[in-house]
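These are my notes from an afternoon with one model, written down in the order in which I looked things up.

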Amino acid sequence: MVNKIPARIRWAVDFMDVQPNDHVLEVGCGNGAAADLICRRLEGRGKMFAIDRSEAGVDRTKARCAEHLEAGKLTVRQIDLATLRVPVKRLTKVFAFDVNLFWVRDAHEEIALLHERLMPGGSVNLFFDTSRPEQVPEILEKASAQLRDGGFRVYIVDSKNPPVIGIIGRR
């Protein structure tokens with residue numbers, strides 16, 4: 001059975017423009033669709049670190065991305081972003097899709113950690129499905145404010161088909 005990558009994930013990863021030597025952190029790896037797509041774009045020294053609070057999400061990502069794990073491109077851990085300790089300042093991109101953390105509660109500590117660990121010019125790429133348009137204004141307002149308060153320059157991108165909005169924070 002082929003693991004199809006949803007159009008919304010493909011659009012978000014395409015927008016993020018992963019480069020062969022990027023160091024990417026995915027927050028909330030879920031079923032591993034984005035991790036699989038991102039790892040296929042990494043070559044040379046490029047690496048990906050995917051985290052999820054859910055054991056099931058970690059297990060699904062490991063199963064789907066076994067070839068990337070074996071090749072040393074991908075590390076997957078069951079951990080909360082607040083307790084993550086990235087050893088060195090070398091992340092170039094952070095990716096999250098439909099991770100409520102960034103708009104439903106105070107994520108000051110998590111965003112400070114991302115700001116500290118991102119290389120200058122790096123980006124936090126928060127994407128959300130907009131099939132529930134009544135939530136979009138609140139998502140935009142709260143996630144953007146948290147990124148700005150954390151020292152990021154914020155940009156908004158969107159797609160009508162697939163229905164996705166992106167809140168991009170540049171360091």
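What span should the 14 residues of α7 have at 1.5 Å a residue, and how far apart are its end C-alpha atoms? I was working on a predicted model, and I began with this check on helix geometry. The expected span is 20 Å and the end C-alpha atoms of α7 are 20 Å apart, which agrees.

**Entry 1: the faces of α7**

I then looked up which residues of α7 are buried, and found V136, I139, A143, S144, Q146 and L147. Seen down the axis of α7, these buried residues fall within an arc of 160°, so they line one face of the helix. An α-helix has 3.6 residues a turn, so residues three or four places apart point the same way. On the face of α7 turned away from its buried side I noted the exposed residues P137, E141 and D149. The buried residues pack against α5 (101-104) and α6 (108-117), as well as against the strands β5, β6 and β7. As for direction, α7 lies across β5, β6 and β7 and runs at about 10° to β7. Just after α7, I found that G151 takes a positive phi of about 95°.

**Entry 2: the sheet**

Next I traced the strands, of which seven form an open sheet with mixed pairing, in the order β3-β2-β1-β4-β5-β7-β6. The edge strands are β3 and β6 (153-159), each of which pairs on one side only. From one strand to the next the twist averages 15°. Helix α1 (residues 7-16) packs on this sheet, where it touches β1 (23-27), β4 (91-97), β5, β6 and β7, and its direction makes about 160° with that of β4.

**Entry 3: β7 and its two neighbours**

How many of the seven residues of β7 are buried? I counted six, so β7 is largely enclosed by the rest of the structure. On the side of β6, seven bridges join that strand to β7 (residues 164-170), and the two run antiparallel. Here I156 stands opposite I167, and V154 stands opposite G169. With β5, too, β7 pairs in the antiparallel sense over seven bridges, and F128 has I165 of β7 as its bridge partner.

The connection from β6 to β7 is a hairpin through four residues. In the loop between these strands I found P162, which is joined to N161 by a cis peptide bond with omega of about 5°. I marked this bond because most peptide bonds are trans.

**Entry 4: T130**

I looked up T130 in the loop between β5 (118-129) and α7 (136-149). Is T130 buried or exposed? Its relative accessibility is 18%, and therefore it counts as buried, the cut-off being under 20%. Not counting residues up to four places away in sequence, T130 touches V136, P163, V164 and I165. A polar atom of the T130 side chain lies 3.4 Å from the backbone nitrogen of V164.

**Entry 5: helix α3**

For comparison I turned to α3 (residues 55-64), in which G57, V58, T61 and R64 are buried. These residues cover an arc of only 135° around the axis, which puts them on the same side of α3. The face turned away from that side carries the exposed residues E55 and A63. What covers the buried residues of α3 includes α2 (33-39), β2 (47-52), α4 (66-70) and β3 (74-78). At the start of α3, I noted that a side-chain oxygen of S54 reaches to within 3.2 Å of the backbone nitrogen of A56.

**Entry 6: positive phi outside glycine**

Most residues other than glycine have a negative phi, and I therefore listed two that do not follow this. D17, in the loop between α1 and β1, has a positive phi of about 55° although it is not a glycine. At 45% relative accessibility, D17 counts as partly exposed. D98, in the loop between β4 and α5, has a positive phi near 55°. With a relative accessible area of 38%, D98 is partly exposed.

Note on methods: Residues are numbered from 1 along each chain as its sequence is written. This is a predicted model: local features need pLDDT of at least 70, side-chain atom pairs count only at pLDDT 80 or more; totals for chains, interfaces and linings use all residues. Side-chain values use heavy atoms; hydrogens and water are left out. Buried means under 20% relative accessible area, exposed over 50%, partly exposed in between (1.4 Å probe, protein chains only). The arc is that of the directions from the helix axis to the C-beta atoms. Contact means heavy atoms within 4.5 Å. A polar contact is a pair of N or O atoms within 3.5 Å; within protein, one must be able to donate a hydrogen and the other to accept it, and residues adjacent in sequence count only if both atoms are side-chain atoms. Two strands pair if DSSP finds at least two bridges between them. Axes are lines fitted to C-alpha atoms, for helices over the stretch in contact, and angles run from 0 to 180 degrees between N-to-C directions. The expected span of a helix is 1.5 Å times one less than its number of residues.
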